[in-house]
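Dear colleague,

Please find the structure below, handed over for your records and further use. A written account of the findings comes after it.

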Amino acid sequence: MALRNIRTDNDPILRKISKEVGEVSPRMVTLVEDMFETMYHAQGVGLAAPQIGILRRLIVLDDYEGNKYSMFNPEIISGEGCQTGPEGCLSVPGRQGTVERKNSIRVKYMDINGNSCELEAEGFLARIIQHEIDHLNGILYTDIATELFTLEELEEMENKKERQKEVVS
């Protein structure tokens with residue numbers, strides 16, 4: 001396994017559409033292992049192949065609540081409801097935004113053994129999957145965010161909320 005370099009938002013590869021994966025070869029299995037290692041090292045919950053410079057339809061994710069997946073050629077086949085919440089991205093360091101996503105989705109994909117699978121996801125897991133699939137289509141969360149903040153602005157807002165709580169108590 002190897003750590004890969006994560007591309008940042010000024011890299012043009014992040015704006016390209018990824019190509020489908022035909023079969024899960026040994027090279028693809030190694031890529032999945034490298035992607036998980038890279039994601040964990042960067043303390044992320046998801047990583048798409050374009051983020052490490054590979055234009056293939058592959059994502060890995062771990063919500064740290066027991067849901068860990070590698071998905072080849074993931075495709076959302078249905079979605080419903082709405083959730084609005086904060087998102088960050090390993091390719092957009094130092095920023096966070098407010099993004100609206102479907103609350104529950106059904107996604108089909110090929111697993112690491114080449115099997116066709118379907119998964120129903122909701123809440124945070126659904127958010128991660130939608131975010132990573134966007135990467136495969138050349139979309140960054142900053143393109144669809146309703147608000148964008150630097151980490152300093154977020155920290156300042158949190159400190160202000162804490163001060164207001166102290167005044168009320």
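The notes that follow take up the nonpolar core, the salt bridges, the surface charge, the backbone and some distances.

Please bear in mind throughout that this is a predicted model.

**Nonpolar core**

The largest nonpolar core is made up of 17 residues. Within this core, Met-71, Leu-119 and Ile-129 have the most contacts. At least two core residues come from each of strand E2 (58-62), strand E3 (68-80), strand E6 (104-110), strand E7 (116-122) and helix H2 (123-136). Helix H2 gives the most, with six residues.

Met-71 belongs to strand E3. Its relative accessibility is 0%, and Met-71 therefore counts as buried, the limit being under 20%.

**Salt bridges**

The count of salt bridges comes to nine. As a general point, side chains of opposite charge can pair when their charged atoms come close. Three of the pairs are described here individually, followed by a network.

Arg-7 and Asp-11 meet through their side chains in a salt bridge, with an N to O distance of 2.9 Å. The two partners fall into separate classes of exposure: Arg-7 has a relative accessible area of 29% and is partly exposed, while Asp-11, with 18%, is buried. The value for Asp-11 lies under the 20% limit, which is why Asp-11 is classed as buried.

Lys-108 pairs with Glu-75, and the closest N and O atoms of this salt bridge are 4.0 Å apart. Because Lys-108 lies in strand E6 and Glu-75 in strand E3, the pair ties together parts that are 33 residues apart in sequence. Both partners are partly exposed: the relative accessible area is 35% for Lys-108 and 40% for Glu-75.

A further salt bridge joins Arg-106 to Glu-120, with 2.3 Å between the closest N and O atoms. Arg-106 is in strand E6 and Glu-120 in strand E7, so this pair ties together parts 14 residues apart in sequence. Arg-106 is partly exposed, with a relative accessible area of 26%, whereas Glu-120 is exposed, with 61%.

Beyond these pairs, Glu-87, Arg-101, Arg-127 and Asp-134 are joined into one network by salt bridges that share partners.

**Surface charge**

A patch of negative charge is present on the surface, where Glu-152, Glu-153, Glu-155 and Glu-156 gather. Of these residues, Glu-156 may serve as an example. Glu-156 is located in helix H4, which covers residues 151-168. The relative accessibility of Glu-156 is 59%; this is over 50%, so the residue counts as exposed.

**Backbone**

Two residues other than glycine have a positive phi, and they may be of interest when you inspect the backbone. For Gln-43, phi is near 60°. Gln-43 sits in the loop between helix H1 (26-41) and strand E1, and with 71% relative accessibility Gln-43 counts as exposed.

For Asn-73, phi is about 55°. Asn-73 is found in strand E3. In contrast to Gln-43, which is exposed, Asn-73 counts as buried, at 17% relative accessibility.

**Distances between parts of the chain**

Three pairs of C-alpha atoms relate parts of the chain that are separated in sequence.

Gly-94 and Leu-151 are 57 residues apart along the chain, and their C-alpha atoms are separated by 5.4 Å. Gly-94 is placed in the loop between strand E4 (83-87) and strand E5 (95-101). With 32% relative accessibility, Gly-94 counts as partly exposed.

Leu-47 and Glu-118 are 71 residues apart along the chain, with 19 Å between their C-alpha atoms. Leu-47 lies in strand E1, which spans residues 46-48, and is buried, with a relative accessible area of 0%.

The C-alpha atoms of Met-71 and Thr-150 are separated by 31 Å, the two residues being 79 residues apart along the chain. Met-71 is also one of the core residues with the most contacts, as noted above.

With kind regards

Key:
Residues are numbered from 1 along each chain as its sequence is written. This is a predicted model: local features need pLDDT of at least 70, side-chain atom pairs count only at pLDDT 80 or more; totals for chains, interfaces and linings use all residues. Side-chain values use heavy atoms; hydrogens and water are left out. Patches are made of residues with over 30% relative accessible area and no salt bridge: like charges are joined within 9 Å, nonpolar side chains (Val, Leu, Ile, Met, Phe, Trp, Tyr) within 5 Å. Accessible areas come from the Shrake-Rupley method with a 1.4 Å probe; for residues, only the protein chains shown count as cover. Lys and Arg count as positive and Asp and Glu as negative; His and the chain ends are not counted. The place of a charge is taken as NZ of Lys, CZ of Arg, CG of Asp or CD of Glu. Helices (H or I, at least four residues) and strands (E, at least two) are DSSP runs, numbered from the N terminus. Buried means under 20% relative accessible area, exposed over 50%, partly exposed in between (1.4 Å probe, protein chains only). A nonpolar core is a set of buried Ala, Val, Leu, Ile, Met, Phe, Trp, Tyr and Cys residues joined through side-chain atoms within 4.5 Å.
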